[in-house]
Amino acid sequence: MTMIALYVVLGLLLLIFILALIGSIFSKRYEITFDNHYVPHKNNDYPDCEQGNFISQKKVHNFTYDKNFHYRYGQTFKEKVVVGFCTFLFLTIIPLLIIFDGAGIYKSRRKFKSLRKQFKDGFITVCNHCYVFDCLMIKTLAYGRKMYFPIWKEGAEGPSGTLYRASGGMPMDHSFEGMKNCFNEMIQVLKEGHHLHVFPEQAGWFYYGGIREFKDGVFRIAYATNKPIIPLAINFRERKGIWRLFGSKKKPLVCLHVGDPIIPDITKDKKEEVNRLLVTSREAVMHLAGIKDEETNNAIKASYNYYKYDPSKSAY
C-alpha cells in the first residue's frame, strides 16, 4: 500500500508539471500586452488611502522588534527545517499558478537570469503589489538565489507569518526603532550580495489595475548602498479559451514583466537622486504594466470603487 501511495503521489506531481509545461507554452504569447491594456474588475472595493491595508489578519504571533530580533528567518535548526518545507511547497505551487492563473513568467525568467549574473554583488527589485501570489512569482525569478523582502508586522504576526518569514520576509514594526532596525537589516542583505525585493506601494491590493504612489524608503536604500534597481511589473489579461476550464471567468490571468536596470548616481545630491530613482522606477513599472501615461493610469484608478479607510480597523 505504501508503494502504491508513493506512485500515486509521483503520478500526480508528474501530471501537474506536464500541465504546467503546457500552460507555460500557452502563456508565452500573452506576456506583453502594451497595445491592449486589460483592466481587471473583481467587484473589489479599495481603501481611499493608497497605502491602506486591503485585508485584515488575525494576530497569532507576538514579537519584540529590537536589535536582538532575528529579522532573517532560518538561523536555528527548527527554522531551517521549516525553510526546507517551504521550498518544497514553493516548487509545488508554482506549476499550479501556471495552470490555474496562466502565470506568464517564461520570458521574464530568461531576462532576469542575465541581469542576476550582471549584478551578482547584490541588487534591488521593485514591483506593483496587486496579486495574491505576487511575491511567490517574483521569488520564481530568483530561484537558486536567496531573496529577502520587508513585510509589515501584521503579516509576520498573522496566520501566514511563518510562511512569509521562511520565504525571506523580514518583519517591519511601525515604530521608529522597528523601522530603523529593519532598514539596517535590508542594507546588510545588499552588502552581503543578496537580492532585496520591495513593494514601494506598501499594501497589497489584489487585482488592482492601476499603479499607486511609491514611497521612497527603498530608493534611499539604493542610494546608500549604490545598488541597481530592476523594475518589475504585474499586469492581467482576460481569462479566455482553455483557461476557462481552470477558473472563474471573472478571475483574470496574470503576467510578470522585467524591465531594464536603473543605476543610482551617488555623486549627485541625495534628495534629488532618491527622487529621480523613485520617479524613474514608477514610470518603468507603469510602462511595463502596459499603461502608457499618467493620464491613463488615473483613468484606471477612477474606474474602481473606494471606501473610507480606518487604520485602527485594518491591522488585526
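So, in what sense do strand E2 and E5 pair, and over how many bridges? Hold that thought for a moment while I cover the ground rules.

What you're looking at is a predicted model, where local features need pLDDT of at least 70, side-chain atom pairs count only at pLDDT 80 or more, and totals for chains, interfaces and linings use all residues. Residues are numbered from 1 along each chain as its sequence is written, and side-chain values use heavy atoms, with hydrogens and water left out.

Okay, back to the strands. E2, residues 123–126, and E5 pair in the parallel sense, over 4 bridges; pairing here needs at least two bridges found by DSSP between the two strands. Helices and strands are DSSP runs, by the way: H or I with at least four residues for a helix, E with at least two for a strand, numbered from the N terminus. Within that pair, Ile124 stands opposite Leu196 in E5, and Thr125 has His197 as its bridge partner. On E5 there's also E3, residues 147–152, which runs parallel to E5 and is joined to it by 2 bridges. There, Met147 is partnered with His195.

Now the side chains of E5, residues 195–198. His195 and His197 point one way, Leu196 and Val198 the other, and all of them are buried, where buried means under 20% relative accessible area, exposed over 50%, and partly exposed in between, using a 1.4 Å probe and protein chains only. That fits the textbook picture: in a regular strand, side chains alternate between the two faces of the sheet.

Zooming out to the sheet: it's an open one with 6 strands, ordered E4-E3-E5-E2-E6-E7, and the pairing is mixed. E4 (169–172) and E7 (253–258) sit at the edges with a single partner strand each, so one side of each has no neighbour in the sheet. From one strand to the next, the twist averages 25 degrees. Helix H8, residues 217–225, packs on this sheet and touches E2, E5 and E6 (229–237). Touching means heavy atoms within 4.5 Å. The direction of H8 makes about 160 degrees with that of E2; axes are lines fitted to C-alpha atoms, for helices over the stretch in contact, and angles run from 0 to 180 degrees between N-to-C directions.

Next, helix H4, residues 134–141. How many of its residues are buried? The count is 8 of 8, including Asp134 and Lys139. The axes of H4 and H2 (residues 77–101) come within 11 Å and cross at roughly 105 degrees. That makes the two helices roughly perpendicular, a label that covers 65 to 115 degrees. On the H2 side, the contact uses Phe90, Ile93, Ile94 and Leu97; on the H4 side, Leu136, Met137, Lys139 and Thr140. By class that's 6 nonpolar, 1 polar and 1 charged.

One loop residue to click on: Ile291, between helix H9 (270–288) and helix H10 (294–302). Ile291 is buried, at 1% relative accessible area. Its C-alpha lies 9.3 Å from that of Gly209, with the two positions 82 residues apart in sequence numbering.

Finally, the global numbers. The protein has 10 helices and 8 strands, and buried residues make up 49% of its 316 residues. Among contacts with a separation of 6 or more, 77% come from residues 24 or more positions apart.

Methods: Angles under 35 degrees count as roughly parallel, over 145 as roughly antiparallel, 65 to 115 as roughly perpendicular and the rest as oblique. Ala, Val, Leu, Ile, Met, Phe, Trp, Tyr, Cys and Pro count as nonpolar, Asp, Glu, Lys and Arg as charged, and the others, Gly among them, as polar.
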